[in-house]
Amino acid sequence: MSQESSSLNEKNRLEVNDKILDSVPTDINVHDLNIPDDWPPLAAEKPRNYFFWNLKGPSGIDIDGIATQPSVFDDPEKSKYFLPHARYENTHRIDPSFRWTWREEYSLVRKIDFRIMLWCCIMFMSLQLDRGNLSQAVADNFLTDLNFTTNVFNNGNTIFKVFFLVSEIPSQLISKKLGPDRWIPIQMVSWSAVAMSQYALHGKAGFYVTRALLGALEGGFIADICLYLSYFYTSVELPVRLAYFWAAMTVSEIIAAFMGFGILHMRGVHGQEGWRWLFLIEGAITCAIGVLSSLLMPPSPTQTKSWFRGKNGWFSEREEKIIVNRVLREEPTKSRMHNRQPLDWGMFWKSLTDYDLWPIYIIGLVFQIPTSPVSTYQTLTLRSLGFTTFQTTLMVLPNQVLSLMTLLTLTYLSQKLNERSLVALSAQIWCLVLLIPLRVFGADSNRWGKYVVTMLLLAHPSSHAIQVAWTSRNSNSVRTRTFSSAAYNMFCQLSGIISSYVYRADDKPLYHRGNSALIGVAAMNLVVYLLVKAYYIWRNRQRDKIWNAMSLSEQEKYVEGQSSVDLGNKRLDFRFAH
């Protein structure tokens with residue numbers, strides 16, 4: 001049989017099974033499965049969330065007990081609909097009868113954290129170095145040296161965010177075609193070259209061009225990383241890892257503050273300003289990390305062997321089987337696509353027009369606005385209060401350390417309480433309380449009082465990690481989840497564009513008009529979160545009413561796909577998280 005004919009048959013087989021695949025419930029009951037008598041038993045408990053300080057995993061679980069969760073793979077009749085794609089890279093490790101213990105799983109997850117998650121955090125830190133060092137450059141008289149106004153600065157930020165936004169989806173398409181392990185290093189080396197070129201900036205045109213190129217090359221990076229992490233982690237583990245991911249951004253800002261303090265002292269070396277050296281040196285660091293990433297990012301859990309990673313790879317055969325089988329048991333449809341398989345614009349359009357995801361997209365549009373202008377102008381504000389360049393560079397450290405702590409605390413509470421909207425709403429209350437005194441301060445107010453309030457405002461607990469995982473959870477479709485995450489991130493970037501124009505040159509240095517607007521947005525956000533929660537409760541009650549009116553046999557037929565035409569989160573047996 002020709003390769004073309006084989007590919008066609010494969011495509012037809014996958015299309016025939018689509019409705020059945022999308023109608024399988026996320027919670028599998030072992031009593032609903034026809035498990036062969038000679039197969040080993042399954043886990044008695046469901047997976048639980050835990051953070052890095054729980055070294056032995058969550059409490060209350062027998063760590064030597066079986067951890068293998070019930071799945072359609074335990075039923076030979078159901079599993080035939082989940083045959084992997086012909087080119088799926090992990091097929092040789094799929095084994096429905098394979099079992100492992102919680103001790104093995106927790107140990108392996110820690111190993112994945114060290115081998116995969118840690119390097120992803122380092123890559124994210126390098127991203128933050130290159131997209132965040134402009135604020136440090138501003139503290140070193142960047143605008144004065146180039147004769148720029150704050151409006152030029154705003155325009156540059158807007159250009160960056162527009163190009164970041166529009167490159168999200170193209171980046172996803174390229175990443176899925178080439179594989180994140182190839183595309184992410186290419187992105188990093190490319191944007192680091194642009195970052196280093198800022199050493200030679202002399203006018204507005206060059207500033208705008210470099211902002212555009214940085215946005216275009218960095219856009220999609222976060223969603224690409226999320227896609228890559230999904231190869232190794234389950235949806236239960238991913239929200240916590242995303243919290244670590246955004247915590248790494250804060251750690252990067254702390255490190256950058258110390259680096260900036262040293263590098264900006266280079267003003268005068270070879271007759272150049274300190275900010276030029278900042279762009280050059282930090283860009284070179286990112287370039288080195290990008291090159292290393294091409295060597296340290298395996299394509300999949302079963303493809304870790306290389307001349308650089310070792311001839312035996314990072315995981316044993318048993319560990320590979322645990323990674324592959326536990327991920328597929330939770331989401332059997334992940335085997336439908338291999339890691340070099342392209343996606344199409346239709347999937348993005350489906351995500352974008354999914355009205356049940358728009359409440360979260362709206363949150364993405366508004367939740368950062370109350371603090372974004374204050375953060376962007378922090379260094380300029382501190383300079384206007386009379387602090388020196390080097391004092392300003394170090395004075396951003398307290399709010400960065402505190403924001404790291406509040407981020408992890410908020411994410412922990414969300415996981416502990418299984419609550420998203422109300423926990424995220426608490427961050428908006430934090431912002432509202434601190435924006436009011438920021439608006440009241442006058443020209444004669446104590447500068448240390450202004451600094452403390454600003455510092456505490458920027459130390460607010462970010463709900464970003466919660467909301468990225470929330471988007472993924474409420475998408476409930478492997479084929480569109482990547483695009484829904486990208487769509488959410490696009491709304492976040494659009495939020496940044498709006499924020500760029502809250503503080504204007506004719507409103508400085510106190511920005512009373514801008515702060516009044518931020519208070520209004522923070523108050524509005526309280527209502528937005530409550531309405532989003534109410535919407536999802538209402539949608540779930542609609543589903544309950546229809547589902548409970550069905551007979552048991554009708555429900556079984558629906559689950560088996562015999563009468564279902566719904567996809568993803570449109571299934572009657574799916575309930576939205578809120």
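The following exercises concern aromatic rings in a predicted model.

**Exercise 1.** Classify the geometry of the ring pair formed by Trp448 and Tyr451.

*Solution.* The structure holds 28 aromatic pairs. In the pair of Trp448 and Tyr451, the ring centres are 5.9 Å apart and the planes stand at 90°, so the pair is edge-to-face. The applicable cut-off for this class is an angle over 60 degrees.

**Exercise 2.** Locate Trp448 and Tyr451 in the secondary structure, and assign the burial class of Trp448 and of Tyr451.

*Solution.* Both residues belong to helix 20, which spans residues 447-458. Trp448 and Tyr451 are separated by 3 residues, about one turn of the helix. Trp448 has a relative accessible area of 46% and is therefore partly exposed. Tyr451 has a relative accessible area of 9%, so Tyr451 is buried.

**Exercise 3.** Determine the class of the aromatic pair Tyr503 and Tyr511, then the burial of Tyr503 and of Tyr511.

*Solution.* The centres of the Tyr503 and Tyr511 rings are 4.3 Å apart, with 10° between the planes, and the pair is stacked. The relative accessible area of Tyr503 is 4%, so Tyr503 is buried. For Tyr511 the value is 6%, and Tyr511 is therefore buried.

**Exercise 4.** Identify the residues that ring pairs link into a cluster, and state which ring the charged end of Arg447 sits over.

*Solution.* The cluster linked by ring pairs consists of Phe142, Phe148, Phe207, Tyr208, Trp275 and Phe279. Arg447 places its charged end over the ring of Phe387, 4.1 Å from the ring centre. Arg309 lies over the face of Trp314, at 6.0 Å from the ring centre.

Note on methods:
Residues are numbered from 1 along each chain as its sequence is written. This is a predicted model: local features need pLDDT of at least 70, side-chain atom pairs count only at pLDDT 80 or more; totals for chains, interfaces and linings use all residues. Side-chain values use heavy atoms; hydrogens and water are left out. Rings of Phe, Tyr and Trp (its six-membered ring) pair if their centres lie within 6.5 Å; planes under 30 degrees apart count as stacked, over 60 as edge-to-face and the rest as tilted. Helices (H or I, at least four residues) and strands (E, at least two) are DSSP runs, numbered from the N terminus. Buried means under 20% relative accessible area, exposed over 50%, partly exposed in between (1.4 Å probe, protein chains only). A charge sits over a ring if NZ of Lys or CZ of Arg is within 6 Å of the ring centre and within 35 degrees of the ring normal.
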